[in-house]
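Got the viewer open? Take the stops below in order, selecting as you go.

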Amino acid sequence: MKSYVGIFKGKDWLETQSWSQEDLTTLLKAAKDLKQEYKSREPSADILRDRTLFMIFFNRSLRTRNSFEAGMTQLGGHAHFLSPQDIYVPALPEDEEAYKTERIADVARVLDEMGDAIAIRIYGDATKWLYGRGHRTIEEFARWARIPVINMEDDVYHPCQEMADIQAIDEHLGKFRGKKFVMSWAYSEGLKPLAVPQSCCLIATKMGMDVVFARPRGFELEDGIMKLCRENVDRYGGSFEETDSMEEAFEGAHVVYPKSWTARAALPGPWGGPAQPDKQLALELARKYNSWICDQAKMDLTNKAIYMHCLPADRGMEVTDEVIDGPQSVVFDEAGNRLHSQKAIMAAIM
Ligand code: CP
């Protein structure tokens, strides 16, 4: 059996910040190994034979659902897709409604009797856009389930995306230290959570990269996440800077990750904000910065940077077709790596 199988048995995968750089590097190596096996069609079905993953999706998904389902099949197990509408909606005590919801404490302990891990995606409307409620929901599953709980993206973190992203960076740059990583806001419309930019800044600082966070004023991340990024720099080296110029950030970059999220003034959260999400204000604030598109002129400012995005990307708003379909784009490597990195996580914790 491979050395990484069961190495973190029983551990939850809720975010990466509580994992050491060394442990994440172990998972990264496992993901590379599993990718190699997959590409050469070597079977790995003995790793999780007959194991079951329960997946509860409060939000839609292309990459996450398919990579977990395919990943479990390839490891010899099975993934169940559970839509909240088709079960009793798993709820925190304050959200319970008779015969419509079921307390998370009960859902977690029922699934615990039948399978080997529970994976959850929850953000946005499912949390009423109350920042932190999605993560609290997943933590509640983890509190009650003895089997591992996996965060498939909540309103604070997207740790599965982080692992696929560092795998892509490793493949294309070969190292993290000394490389400039730019997490930039990019223009789009509609409400979008902070999970991906926050996760990107956390993982890039944890890997010791020189991280620049670029955003127009008003599009800052949660203060607590910024603090964690600075703590990562103190512990792992590299640097972490913030700017309100996309062009300045792109200069000399090795990696750029331009992605939209919603302005804090339009969302409820620890920063204040409205009691309900304000879609009109979100739109007005975003449109003020519609020049924040990743185009070839901006890519030409970089040090031949790779272009990254978690997908789906809003073409013509966040990025031009020329860039996302161009030679510097690695978005499909990132998407493909969701399969391999999640297989590594599941093999290690299940
Ligand atoms: N990047 C990502 O999580 O994609 P999906 O929303 O399609 O799962």
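How do the residues of the shell around the ligand divide into nonpolar, polar and charged? Three are nonpolar, three polar and two charged. Bear in mind as you click around that this is a predicted model.

**Stop 1: the ligand.** Select Ser61, Leu62, Arg63, Thr64, Glu153, Gln161, Cys310 and Leu311, which are the residues around the ligand. Now colour by domain: the assignment gives domain 1 (21-156 + 338-349) and domain 2 (161-335). The ligand's shell draws at least three residues from each of them.

**Stop 2: where the domains meet.** Zoom out until both domains are in view. Their centres, taken over C-alpha atoms, are separated by 25 Å. The contact takes 19 residues from domain 1 and 19 residues from domain 2. On the domain 1 side, look for α1 and α12, the elements that give two or more residues to it. Of these, α1 gives the most, with five residues. Sorted by class, that side of domain 1 has 10 nonpolar, four polar and five charged residues.

**Stop 3: helix α5.** Next, select residues 159-173, which make up α5. This helix has 15 residues and reaches 21 Å from its first C-alpha to its last, close to the 21 Å expected at 1.5 Å a residue. Is α5 mostly covered or mostly open? Mostly covered: 11 of its 15 residues are buried. Show side chains for the buried residues, including Pro159, Cys160, Met163, Ile166 and Ile169. Gln161 is also among the buried residues of α5, and you've already met Gln161 around the ligand. To see what does the covering, turn on α1 (21-39), α2 (63-74), β6 (149-151), α6 (195-206), β10 and α12 (331-349), all of which are included in the cover. Then step just past the helix: α5 is followed by Gly174, which has a positive phi, near 80 degrees.

**Stop 4: the five-stranded sheet.** Switch to cartoon and find the open sheet with the order β9-β8-β7-β10-β11 and parallel pairing. Its edge strands are β9 (239-243) and β11 (306-307), and each of them pairs on one side only. Now go inwards and select β7 (residues 180-185) with β10 (residues 255-259), a pair joined in the parallel sense over five bridges. For a landmark on that pairing, click Trp185, whose bridge partner in β10 is Lys259. On to β8, which runs parallel to β7 and is joined to it by five bridges. The landmark here is Val182, whose bridge partner in β8 is Val212.

Stay on β8 for a moment. Why call this strand largely enclosed by the rest of the structure? Because five of the five residues of β8 (residues 210-214) are buried. Look along the strand and you'll see Asp210, Val212 and Ala214 pointing one way, with Val211 and Phe213 pointing the other. Both sets are buried.

**Stop 5: an exposed spot.** Finish at Ala297, which lies in helix α10 (residues 296-299). Is Ala297 buried or exposed? Exposed, because 12 other C-beta atoms lie within 10 Å, and a residue counts as exposed at 12 or fewer. As a last click, draw a distance from the C-alpha of Ala297 to that of Glu322: the two residues are 25 residues apart along the chain, and their C-alpha atoms are separated by 11 Å.

How values were computed:
Residues are numbered from 1 along each chain as its sequence is written. This is a predicted model: local features need pLDDT of at least 70, side-chain atom pairs count only at pLDDT 80 or more; totals for chains, interfaces and linings use all residues. Two strands pair if DSSP finds at least two bridges between them. Helices (H or I, at least four residues) and strands (E, at least two) are DSSP runs, numbered from the N terminus. A residue is near a molecule or strand if its C-beta atom, placed from the backbone, lies within 6 Å of it. Ala, Val, Leu, Ile, Met, Phe, Trp, Tyr, Cys and Pro count as nonpolar, Asp, Glu, Lys and Arg as charged, and the others, Gly among them, as polar. Domain bounds come from an automatic or database domain assignment. The expected span of a helix is 1.5 Å times one less than its number of residues. A residue is buried if 20 or more other C-beta atoms lie within 10 Å of its own, exposed if 12 or fewer, and partly exposed in between; C-beta atoms are placed from the backbone. Two residues are in contact if their C-beta atoms, placed from the backbone, lie within 7 Å.
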